[in-house]
Amino acid sequence: QEYADRILDKIASIFIPIDDYNTIDKNTNLIIAQMNLNHYDAALALCDSLEEYSIFPPTTANETRASIYLHKNQPKVTEFYLKKALESYTGDTYELGNYTIAGYQLSSLLNAQNDYEGALKVLIPVIATAKEHEVNIFTPYEGLPRLLMSMGISLVALDRLDEGEQQFQEA
């Protein structure tokens, strides 16, 4: 195991700046490295293995798959895995970041498809969970402001200007 960890450290450090590498999960870094090389099938296989061996919980695995398919420019498959990520969330704090990322990404995808009502249906429970757990303490990508901005976009597009403005102000 020690030998394998040293090799994984070397491989990942080639593709990911050392400061980031020390703060991001090694397994995620390996997937990112595969994606950077456009080895999407390898990234998916690694993700599947990590879930199979219970290293990645379901929300994390599905959000990761969605990210891979997003990079492959396959929006329908991306949407499928984002929905699975949200559905598989159990309330585990470890998965909270991936849950909010999946909610943000799915709402953005739905907004881009002019499905503003669908985006709101996604955002309402995700924002409630984020507020409950004070998710804004995480990185900006996982944070509450992005979710609120996405909700504001949906509301404005539905001509609910006052509600949209309220979300923008809160963000």
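Modeller: Buried means under 20% relative accessible area, and exposed means over 50%. Keep in mind that this is a predicted model.

Colleague: Are Tyr69 and Tyr81 buried or exposed?

Modeller: The cut-off for buried is under 20% relative accessible area. Tyr69 and Tyr81 both count as buried.

Colleague: How many aromatic pairs does a search of the whole structure find?

Modeller: Rings pair if their centres lie within 6.5 Å. Searching the whole structure on that basis, the number of aromatic pairs is three.

Colleague: What is the angle between the ring planes of Tyr69 and Tyr81?

Modeller: The two ring centres are 5.7 Å apart. Planes under 30 degrees apart count as stacked. The Tyr69 and Tyr81 pair is stacked, because its planes meet at 5°.

Colleague: How far apart in sequence are the parts that Tyr69 and Tyr81 tie together?

Modeller: Tyr69 sits in helix 5, residues 58-71. Tyr81 belongs to helix 6. The pair therefore ties together parts whose separation in sequence is twelve residues.

Colleague: Which residues do ring pairs link into a cluster?

Modeller: A phenylalanine joins the two tyrosines here. The cluster is made of Tyr69, Tyr81 and Phe80.

Colleague: How far apart, centre to centre, are the rings of Tyr89 and Tyr99?

Modeller: Tyr89 and Tyr99 form a stacked pair, with 20° between the planes. Tyr89 is in the loop between helix 6 and helix 7, and Tyr99 is in helix 7, so the pair ties together parts ten residues apart in sequence. Centre to centre, the rings of Tyr89 and Tyr99 are separated by 4.1 Å.

Colleague: What is the relative accessibility of Tyr99?

Modeller: Its partner Tyr89 counts as buried at 15%. Tyr99 also counts as buried, because its relative accessibility is 7%.

Colleague: How far apart are the end C-alpha atoms of helix 6?

Modeller: Helix 6 has 13 residues. At 1.5 Å a residue, the expected span is 18 Å. The model agrees, as the end C-alpha atoms are separated by 18 Å.

Colleague: Which helices do the buried residues of helix 6 pack against?

Modeller: The buried residues of helix 6 are Thr78, Glu79, Tyr81, Leu82, Ala85 and Leu86. Their packing partners are helix 5, helix 7 and helix 8.

Colleague: Which side chain of opposite charge is nearest to Glu95?

Modeller: Glu95 lies in the loop between helix 6 and helix 7. Glu95 is buried yet has no salt bridge. A salt bridge needs a nitrogen and an oxygen within 4 Å. The nearest side chain of opposite charge is 9.6 Å away, and it belongs to Arg65.

Colleague: Which side chain does a polar contact of 3.1 Å join to that of Glu95?

Modeller: Leaving out residues up to four places away in sequence, Glu95 touches Pro57, Pro58, Thr59, Thr60 and Tyr89. The polar contact of 3.1 Å runs from the side chain of Glu95 to that of Thr59.

Colleague: Which residue's side chain meets that of Arg65 in a salt bridge of 3.0 Å?

Modeller: Arg65 is buried, with a relative accessible area of 7%. The structure holds six salt bridges. One network of them links Asp48, Glu51 and Arg65. At 3.0 Å, N to O, the partner of Arg65 is Asp48.

Colleague: How many residues apart are Asp41 and Lys72?

Modeller: Asp41 and Lys72 form a salt bridge, with the closest N and O atoms 3.8 Å apart. Asp41 is in helix 4, while Lys72 is in the loop between helix 5 and helix 6. The pair links distant parts of the chain, with a separation of 31 residues.

Colleague: Which side chain makes a polar contact with that of Ser150?

Modeller: Ser150 is in helix 9. At 3% relative accessibility, Ser150 counts as buried. Its contacts beyond four places in sequence include Tyr104, Asn111 and Leu123. The polar contact of its side chain, at 2.7 Å, is with Ser107.

Colleague: What is the phi of Asn38?

Modeller: Asn38 lies in the loop between helix 3 and helix 4. Asn38 counts as exposed, at 52% relative accessibility. Asn38 is not a glycine, yet its phi is positive, at about 60°.

How values were computed. Residues are numbered from 1 along each chain as its sequence is written. This is a predicted model: local features need pLDDT of at least 70, side-chain atom pairs count only at pLDDT 80 or more; totals for chains, interfaces and linings use all residues. Side-chain values use heavy atoms; hydrogens and water are left out. Helices (H or I, at least four residues) and strands (E, at least two) are DSSP runs, numbered from the N terminus. Buried means under 20% relative accessible area, exposed over 50%, partly exposed in between (1.4 Å probe, protein chains only). Lys and Arg count as positive and Asp and Glu as negative; His and the chain ends are not counted. A polar contact is a pair of N or O atoms within 3.5 Å; within protein, one must be able to donate a hydrogen and the other to accept it, and residues adjacent in sequence count only if both atoms are side-chain atoms. Contact means heavy atoms within 4.5 Å. Rings of Phe, Tyr and Trp (its six-membered ring) pair if their centres lie within 6.5 Å; planes under 30 degrees apart count as stacked, over 60 as edge-to-face and the rest as tilted. The expected span of a helix is 1.5 Å times one less than its number of residues.
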